[in-house]
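New to this one? Let's go through it with some "why" and "how do you know" questions.

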Amino acid sequence: MAVGRPGLFTLTPDEERIGDNPRHENDQPSTSSGETYGEQAPLHQYKERRDTSAPVEESSTDFEGRRMGGFRNTVRQLFLRGNTVEGAGKNHKYSTAEKARLKQMQSIDYLAPSSRVYRQWLSAQPWQRYWDRWIMMAAIGIAVGITGFLLHLLIHILAVIKIASTRWLLTHTHVILSWIFNLSYSLGLVYCSTWLVVNIAPEAAGAGVAEVSAYLNGCNIPKILNIKTLGVKFLSAATAVASGLPVGPEGPMVHMGAIIASGMSQGHSTTLGCDSGLFRRFQNPKDKRDFVTVGAAVGIAAAFSAPIGGMLYVFEEVASFWQQALSWQIFFANMIAVLTVDTLRSAESALQEGTFGLFDRESSTVFFEVYTQLNNHVMAMVPAALCGLLCGLLAVAFTIMNLKVIRFRGSVINPDRRLRMAEPCILIMLFVTMGMILPLFFPCTPTQCVVLQGETTPICPDGQPEYVHRVVEETLELFTCSRTSHTSQVHGGGGPGDADGPGGKGNITIPSSYNELATLMSVTGEDAIRHLFSRGTHREFGYAALVVMLVWYFLGAAWTAGSAIASGVFVPMLLIGACVGRLIGLIMVDMAARNGAGSEGAPPGVFLPPHPMSFIDPGAFALIGAGAFMGGVTRMTIALAVILMEVSNDVRILLPLMVAIMVAKWVADLGSHPLYHGLLEVKCIPFLPKAPVSSASLDLIEVRYVMHWPVTSLREHMRLGDVREVLRRTKYQGFPVVRDTNRGPVFVGLLVRDHLLKLLLEAVRRGTCQHLEVSFSDLNHQFMESVESERESEQQMALLDGRPLPGDNFRDDPSLWDETLDLTPYINMSAFKVTETFSLERSYILFCNMGLRHLVVVDEHNCVKGIVTRKDLLGYRLDEAVARARTGSLAGGGHVPGSNGTAYAPA
């Protein structure tokens, strides 16, 4: 091992390189042009990288495509197989350009470095005090609950203005005038939504679920937990959803919940430059990440009124670290959030009609409540499995199309700010225009009889013929049918109590005809789902309306997701799956009608409760299809089943729903990765799944086949000039620290680059290294005001570049660089290490479960041999490690002991 100046080992262990890659035999040397040092510079670059760089797909036509270039080639790549069509059992293959972007991403530790200064800080914090944590959980639940209520209220107000005005213009004027108003109003909302995202907070684009998952996994993504991102997320999501685009607010609620929990628990805002001085003991990486996990769960709970589902959602989909105590805390916070939302809904209803505190109907805790319970039957498993199969295939198509569009958007649209703003505006123009044109091709459909949700017996107007073919809901869209249709009144005696008493409906006015497609397309996505979930309305929507709605919403949602607006895909996924399920249910009704089956007095093919075959209801299969499609896209199972039970209040349908979800997951696993994991791969964020994927057992592979070597080590006491030289010559983010013994230099701990830069700057500020003391709080950039953080980053860069330090008059004393810097108070003495023969699979489990940033590899004498980081454990690197193990070659070009008779030496 080559030795440089005293105290410094040249090219020994270290890691988290920003611009360096573990050196493999076939790797090209990395260029140093444009590379930056330190923590801040790469973070500031990430936003620009995400907006302007284009991930390139690896395929057999990559070289030809790059040679052709231009827009034509970019469009052509949309139809290539590429590396988007990959089953869940295969690791993603990154192109050269994508690997370069991966190197720029940094990670964060789950646990704070256990150094002497950290232990001093920890000893000053209250121990075994829990009441403040529970108060914080309640405060987060209340804050996120209020945010969710205000978001839905704003969406409702904006959407009602649009829908009510369009209906009035359709009834009293001409369809052209209603189209002009609808287009202008919707376009204005979308323009506001995209302008906020593009010009104020680009980090607010999309749902934010993937980014929050990556942060909780240990990836350092800048500004995703910024208060400015929260404000833009709220306004952009409200205007985008109310405009009528095929998007939903539930995904953004996960992101907003995470931001609120992060800000409240830390007690300060770097953006606003304020610090409350409260909750100091929560200002550490572990507690911050735990509170972000709580916020994400509360976001789902408030969005869907699903407290149990919200907890299971973060457990299954978002969180990477879980403790039993955290489950109780999330359960409590979710309870408070749902209670807050429902209380506010009840208060809103009480202002108009009703009783404050009553959680029923409009203020119900059940989001898509189903009032009619149907019988379950073993025969329902067959169509449920078929529904899962079809939804799984559609989920693969949806995921691949969305990822293709995101790649296209990254290379063609994102580099130009005007195009980024124009894309959502063009999409809403198409969606509004087609939403007005397509229903014109559908005739006015006779209503015949109406069924009240919760009742099984239809109500028919006087004079209705004995033969009834169609039973519909009480709320329908007339569209242009209002000009020729006549209305009739029926006595709504269903419901609890007498018709004119409490719970009764009194007289109900229904039109004699309606427009099937307009009933689905001219309302919000959530109302369309309620129509599709309705029970007893077997033929309310025909094949044509369902197919058109399915195709149009599928294409619109797949393209819109990920554009420059804050939006989620939960509602579109539920709606698409509901259309598929309703189609299957309608086919079953027609099959029964063709065989002459059905309940007496009911339309042909319709079985009314308590008939054993009453499960043949398109509304029931719409719920099954919604869960199946969402399960196929996200690969959620347990959480999804529970969420749908909570939002529908239909426990009897649980078993066929579980069958459909599992079948959809199995089918989708064959064709693509989960959507959110695919988004992280496209954005080149090094996310580590909970279980590694490999073609061979990683328990048979030793960790040295994946470790990075050689690396750079430090000593406990070093010349200040040597410290600056290390930081200047390398871009590593972690440095093992060694101590000389009679057996050679042995590993004692780890130091991260951030702390070294802070120590270097403080020494220069004070003009000496003697008695240098920097507290744990001062070592963490996240606790500084944003202006001060940027100023300090510029000073650190100037120190490394040898330029005059901006902002302050520092004394230039050449003798300072010969002083000795004591690093021992700042060394992480609890850094994890494994021997070079340690199992790769167990190393992966240790790395992920402990939320590590660096894993040092040592030999039997505790001498550093290499280091493992997040990027070394990505799927494609594991595949490379398996290949190297089969040939006996190491990452740096060495050989395994005994292989080819050459001993393994890292330097």
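Here is a short back-and-forth about this predicted model.

Q: How do you know how much of the protein is buried, and what does its secondary structure come to?
A: Of its 907 residues, 60% count as buried, a label for residues under 20% relative accessible area. The secondary structure comes to 29 helices and 19 strands.

Q: Why is Ser 243 called buried?
A: The cut-off is under 20% relative accessible area. Ser 243 has 0% relative accessibility, so it counts as buried. This residue is found in helix H9, which covers residues 227-243.

Q: What does Ser 243 touch, leaving out residues up to four places away in sequence?
A: Ser 243 touches Lys 162, Ser 186, Leu 189, Val 190 and Ile 428. To be called a contact, heavy atoms have to be within 4.5 Å.

Q: What makes Val 241 buried, with a relative accessible area of 15%?
A: The limit is 20%, and Val 241 comes in at 15%, so it is buried. Val 241 is found in helix H9 too. Setting aside neighbours within four places in sequence, Val 241 is in contact with Ile 155, Val 247, Gly 248 and Pro 249. The C-alpha atoms of Val 241 and Val 190 are 8.8 Å apart, with their positions 51 residues apart along the chain.

Q: Is Gly 251 buried or exposed, and how do you know?
A: Buried is under 20% and exposed is over 50%. With a relative accessible area of 1%, Gly 251 is therefore buried. Gly 251 is found in helix H10 (residues 250-266). Beyond residues up to four places away in sequence, Gly 251 touches Ala 207, Val 209, Gly 568 and Phe 570. Take Phe 570: it is 319 residues from Gly 251 along the chain, and their C-alpha atoms are separated by 6.6 Å.

Q: What share of the protein's contacts comes from residues 24 or more positions apart?
A: Counting contacts with a separation of 6 or more, such residues account for 77%.

Q: Why is helix H24 described as largely enclosed by the rest of the structure?
A: Seven of the 10 residues of H24 (residues 720-729) are buried, so the helix is largely enclosed. The buried ones are Leu 720, Gly 721, Asp 722, Val 723, Arg 724, Val 726 and Leu 727.

Q: Where does the largest nonpolar core lie, and how do you know?
A: Domain 1 (131-272 + 281-353) and domain 2 (382-422 + 434-459 + 514-683) both give residues to this core, so it lies between them. The core has 149 residues, and those with the most contacts inside it are Phe 304, Tyr 313, Phe 398, Leu 532 and Phe 629. Helix H19 (residues 570-594) gives the most, with 15 residues. Apart from this core lies another, of 33 residues, among them Leu 757, Leu 800, Trp 817 and Leu 823.

Q: Which residues does Tyr 313 touch, not counting those up to four places away in sequence?
A: Including Val 209 and Phe 570, the list also has Val 254, Ile 300, Val 318, Met 636, Ala 639, Ile 643 and Tyr 676.

Q: How many cavities of 30 Å³ or more are there, and what lines the second largest?
A: The count comes to eight. The second largest holds about 150 Å³ of space. Its lining has 20 residues, with Gly 536, Thr 537, His 538, Val 606 and Leu 608 nearest its centre. By class, that lining has nine nonpolar, six polar and five charged residues.

Notes:
Residues are numbered from 1 along each chain as its sequence is written. This is a predicted model: local features need pLDDT of at least 70, side-chain atom pairs count only at pLDDT 80 or more; totals for chains, interfaces and linings use all residues. Side-chain values use heavy atoms; hydrogens and water are left out. A nonpolar core is a set of buried Ala, Val, Leu, Ile, Met, Phe, Trp, Tyr and Cys residues joined through side-chain atoms within 4.5 Å. Buried means under 20% relative accessible area, exposed over 50%, partly exposed in between (1.4 Å probe, protein chains only). Helices (H or I, at least four residues) and strands (E, at least two) are DSSP runs, numbered from the N terminus. Domain bounds come from an automatic or database domain assignment. On a 1 Å grid over the protein atoms alone, a cavity is a set of points where a 1.4 Å probe fits but cannot get out, and a pocket is an open set with protein on both sides within 12 Å along at least five of seven lines; lining residues have an atom within 4 Å of a point. Grid points are joined across faces, edges and corners, and a volume is the space filled by probe spheres set on the points. Ala, Val, Leu, Ile, Met, Phe, Trp, Tyr, Cys and Pro count as nonpolar, Asp, Glu, Lys and Arg as charged, and the others, Gly among them, as polar.
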